[in-house]
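The following paragraphs lead the reader through one protein structure, from its strands to its core and then to its charged pairs. Please keep the sequence and the model in view while reading.

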Amino acid sequence: MRYFLELAYNGKNYHGWQVQPDVISVQEEINKALSIVLQTTVNIVGAGRTDTGVHASQMFAHFDIDREIEENYVFKFNSILPKDIVIYKIILVEDEAHARFDALSRSYQYNIWLGRNPFTLESSWQIHSQKFNVDLMNEAAKILLEYEDFESFSKVKTEVYTFNCTITEAVFKENGNEITFQISANRFLRNMVRAIVGTLLEVGQGKISIDDFRKIIESKNRGNAGLSVPAKGLFLTKVAYTYIKD
């Protein structure tokens, strides 16, 4: 029987989602908790991979087991998991359902706080004494929807079969001292969102023009794009499937 888990985590203490040798990961902690409770070895498959320090307010993963699992196992799993990882739901799905390959889209949000705020230190990038033209950044962000190849915003040393992604949303929202960037696509490259945000902030500061931003995309050269903003401001916020309703 195949089950999906809907979960969330604070990525501060983890070297990303994926199991890696000699470092702690979110996937490893969930594998351990499920294996203890279910008294059998469990290896979950996630909807994607978040990098070191990146958070998720919604993530899905699947695993297989040869018996039925009751809803009260949510409580049992959470009683063993670290407090910065939480499982919200267990969902019985078809045997061929796949958390990674069946995902229709993924959405991320990047949080920026202009000034100092002790309550958002771990969930946003705090920028002091700088101002940004958000309207200009949104004008540049719209250009992303015109392209498919985003090699300019990908980590250089990464094993992917294609740099193509279909972006369906890319928008900044401003609320007082808070600026958030929301982006959705069918898939993302490693470090892609953080590199896009870093480059768009340069547009907002007047360091590069909107035309420069377009040329950066077309160059397919990571060296031409802006800095990769800190991981702590980035959240995976939604993973969409045809068979899982909001």
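**Strands, core and salt bridges**

Strand 1 and strand 3 run antiparallel and are joined by seven bridges. One pair in this arrangement is Tyr3 with its bridge partner Phe63 in strand 3. The model under discussion is a predicted one.

Strand 3 also pairs with other strands. Strand 2, residues 45–46, meets strand 3 in the antiparallel sense over two bridges, and Val45 stands opposite His62 of strand 3. With strand 9 (residues 234–240), strand 3 runs parallel, and two bridges join them; here His55 stands opposite Phe235 in strand 9. How enclosed is strand 3 by the rest of the structure? Of its 10 residues, spanning 55–64, eight are buried, so strand 3 is largely enclosed by its surroundings in the structure.

The discussion now turns to the nonpolar core. In soluble globular proteins, nonpolar side chains tend to be buried together. The largest nonpolar core of this model has 81 residues, and those touching the most other members are Ile30, Leu34, Phe63, Leu144, Phe153 and Phe181. Helix 4, residues 192–204, gives the most to this core, with eight residues. Phe63, already met as the partner of Tyr3, is among the contacts of Leu34. Neighbours within four places in sequence aside, Leu34 is also in contact with Leu5, Gln39, Val42, Ile44, Phe77 and Ile87.

Charged side chains form a further set of links, for the structure holds eight salt bridges. In one of them, the side chains of Glu122 and Lys12 meet at 3.9 Å, N to O. Because Glu122 lies in the loop between strand 5 (105–114) and strand 6 (125–127), while Lys12 lies in the loop between strand 1 (2–9) and helix 1 (26–38), the pair ties together parts that are 110 residues apart in sequence. Glu122 is partly exposed, with a relative accessible area of 38%.

Another salt bridge is formed by Glu146 and Arg214, whose closest N and O atoms are 2.9 Å apart. This pair, too, links distant parts of the chain: Glu146 is in the loop between helix 3 (134–143) and strand 7 (167–175), and Arg214, 68 residues away, is in helix 5 (residues 210–219). Glu146 counts as exposed at 52% relative accessibility, whereas Arg214 is partly exposed at 25%.

Helix 5 holds a salt bridge of its own, between the side chains of Asp211 and Lys215. Their N to O distance is 3.4 Å. Asp211 and Lys215 are four residues apart in helix 5, and therefore about one helical turn separates them. Asp211 is partly exposed, with a relative accessible area of 42%.

How values were computed: Residues numbered from 1 in each chain as written. Predicted model: local features only at pLDDT ≥ 70, side-chain atom pairs only at ≥ 80, totals over all residues. Heavy atoms only, no water. Salt bridge = Lys/Arg side-chain N within 4 Å of Asp/Glu carboxyl O. Buried < 20%, exposed > 50% of the residue type's maximum accessible area, 1.4 Å probe, protein only. Core = buried A, V, L, I, M, F, W, Y, C linked by side-chain atoms within 4.5 Å. Contact = heavy atoms within 4.5 Å. Pairing = 2+ DSSP bridges.
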